[in-house]
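Okay, thanks for having me, everyone. Let me put the structure up on the screen and then we'll walk through a few spots together.

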Amino acid sequence: MGLLFPAGVLIAVVVFHATVVLSSFPATLHLERGVPASHKLKLSQLKERDRVRHSRMLQSSGGGVVDFPVQGTFDPFLVGLYYTRLQLGSPPRDFYVQIDTGSDVLWVSCSSCNGCPVSSGLHIPLNFFDPGSSPTASLISCSDQRCSLGLQSSDSVCAAQNNQCGYTFQYGDGSGTSGYYVSDLLHFDTILGGSVMNNSSAPIVFGCSTLQTGDLTKPDRAVDGIFGFGQQDMSVISQLASQGITPRVFSHCLKGDDAGGGILVLGEIVEPNIVYTPLVPSQPHYNLNLQSIYVNGQALAIDPSVFATSSNQGTIIDSGTTLAYLTEAAYDPFISAITSNVSPSVSPYLSKGNQCYLTSSSINDVFPQVSLNFAGGSSMILIPQDYLIQQSSINGAALWCVGFQKIQGQAITILGDLVLKDKIFVYDIAGQRIGWANYDCKL
């Protein structure tokens with residue numbers, strides 16, 4: 001990303017050992033992984049949660065860095081979501097919003113909202129945005145160019161009777177939200193030349209939710225809204241980039257240990273071992289060209305056309321998905337290869353239809369390495385922790401189940417947090433590429 005900007009505006013901000021964030025401006029917000037550690041789920045419940053998540057993927061130069069320290073634990077058997085605290089309006093008010101790479105728009109619950117939760121099992125205070133209480137707020141009309149940009153990506157709709165730019169997002173599980181767009185100030189801290197500069201702000205357009213339905217109304221993991229990180233013009237990252245505040249790139253490094261945490265950055269994390277592959281152009285999500293899968297160094301017998309991107313198939317990177325998903329034509333050879341390459345001391349075990357294994361050994365010693373190979377010669381190396389999850393123990397042996405699930409009837413591959421953790425990921429929207437490197441995100 002550094003080569004995309006004039007050298008005069010690039011400042012390297014060190015955030016990890018041997019790893020830097022490039023930019024002339026950074027701002028920070030805190031991400032937290034929600035839900036108490038005692039709330040455990042079965043694999044079938046996680047699959048259902050991801051099914052709902054996938055239905056929520058809406059089809060629809062140089063600057064600075066905003067970094068979000070992540071809190072909480074990565075554990076696929078905890079019901080969790082990544083969220084951050086934003087400050088909006090004048091005077092600034094706090095709003096906790098879910099980080100979502102599968103949609104574009106930032107929206108928050110607004111005053112007089114119908115169905116919006118008023119309390120949260122995440123033990124965070126919920127707020128309601130009131131445009132009338134913020135002197136810097138203004139409504140977005142249908143004639144506003146920013147509304148027109150949203151119309152092109154199906155992120156906005158126009159009500160002719162009141163000339164008000166609005167939105168309606170309906171999800172496959174029956175939940176949804178609707179409301180209208182406002183413009184107001186987003187507040188953040190900035191870093192210039194290694195020094196923290198407080199009280200920065202920029203005007204952005206975001207949604208004011210007046211109606212929520214379905215799971216969005218449930219208080220167990222309620223937040224104030226959703227922070228879309230998609231590629232379209234209505235996303236906050238695109239808006240800030242158009243103002244020259246941040247680059248059109250973001251990165252994350254999610255911890256995979258029990259302590260959890262990590263960091264999410266509006267900007268580029270630079271690490272010498274990062275490899276890149278091109279984004280598939282003209283797609284609503286972060287689609288990559290997956291070309292082959294190797295298990296223990298051997299290519300699986302999968303027709304490459306299985307992974308080709310079209311209107312209803314392809315490979316998607318999605319940090320909001322807990323597990324990982326393979327189309328049926330790739331899933332069966334994958335499971336067969338894993339089972340064929342485990343140590344003889346490992347006992348295959350079917351648990352409620354999921355392929356699992358019993359072992360008393362360290363999984364790094366008895367399970368094979370997996371390589372996902374992408375266009376441009378870039379490979380993503382998966383160690384056993386990147387495709388297995390521990391479910392329980394039986395007679396003193398640990399029960400490890402394959403975290404990759406089969407998608408029936410669709411040629412879609414989705415790589416979720418199971419795969420993305422313990423790696424730096426860079427979403428270079430300006431350069432139309434995604435990069436990654438294995439990394440100890442505890443650092």
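I'll start with two annotated residues, then move on to a sheet and finish with one more side chain.

Just so everybody knows, what you're looking at is a predicted model.

So, which residues does UniProt list under "active site"? The record, which is an unreviewed entry, gives Asp 100 and Asp 318. Along the sequence they span 219 residues, but no two of their C-alpha atoms are more than 8.3 Å apart, so they gather at one spot.

Let's take Asp 100. You'll find this residue in strand S7, which covers residues 93-100. Is Asp 100 buried or exposed? The relative accessible area is 3%, and the cut-off for buried is under 20%, so Asp 100 counts as buried. The Asp 100 side chain also has a polar contact, at 2.6 Å, with the side chain of Ser 103.

Now over to Asp 318. This one isn't listed in a strand; look for Asp 318 in the loop between strand S22, residues 313-317, and S23. Asp 318 is buried too, with a relative accessible area of 1%. And what does the side chain of Asp 318 make a polar contact with? That's the side chain of Thr 101, at 3.0 Å.

Okay, S22 and S23 bring us to the sheet. There are 5 strands in this open sheet, and if you read across, the order is S19-S22-S31-S23-S30, with mixed pairing. At the edges sit S19 (287-288) and S30 (404-407), each pairing on one side only. Sitting against the sheet is helix H4, residues 328-341, which touches S23 and S30. The direction of H4 makes about 110 degrees with that of S23.

Let's zoom in on one pairing. How do S23 and S31 run relative to each other, parallel or antiparallel? They're antiparallel, and 2 bridges join S23 (residues 324-327) to S31 (residues 411-415). If you want one of those pairs to click on, Ala 324 has Leu 415 as its bridge partner in S31.

Last stop: Thr 177. This residue is part of strand S12, which takes in residues 176-192. Thr 177 is buried, at 3% relative accessible area. The side chain of Thr 177 reaches the backbone oxygen of Leu 211, at 3.1 Å.

That's my tour, so let's take questions.

Technical notes:
Residues are numbered from 1 along each chain as its sequence is written. This is a predicted model: local features need pLDDT of at least 70, side-chain atom pairs count only at pLDDT 80 or more; totals for chains, interfaces and linings use all residues. Side-chain values use heavy atoms; hydrogens and water are left out. Two strands pair if DSSP finds at least two bridges between them. Helices (H or I, at least four residues) and strands (E, at least two) are DSSP runs, numbered from the N terminus. Contact means heavy atoms within 4.5 Å. Axes are lines fitted to C-alpha atoms, for helices over the stretch in contact, and angles run from 0 to 180 degrees between N-to-C directions. UniProt positions are given in the numbering used here, feature names are shortened, and annotations may be inferred rather than shown by experiment. Buried means under 20% relative accessible area, exposed over 50%, partly exposed in between (1.4 Å probe, protein chains only). A polar contact is a pair of N or O atoms within 3.5 Å; within protein, one must be able to donate a hydrogen and the other to accept it, and residues adjacent in sequence count only if both atoms are side-chain atoms.
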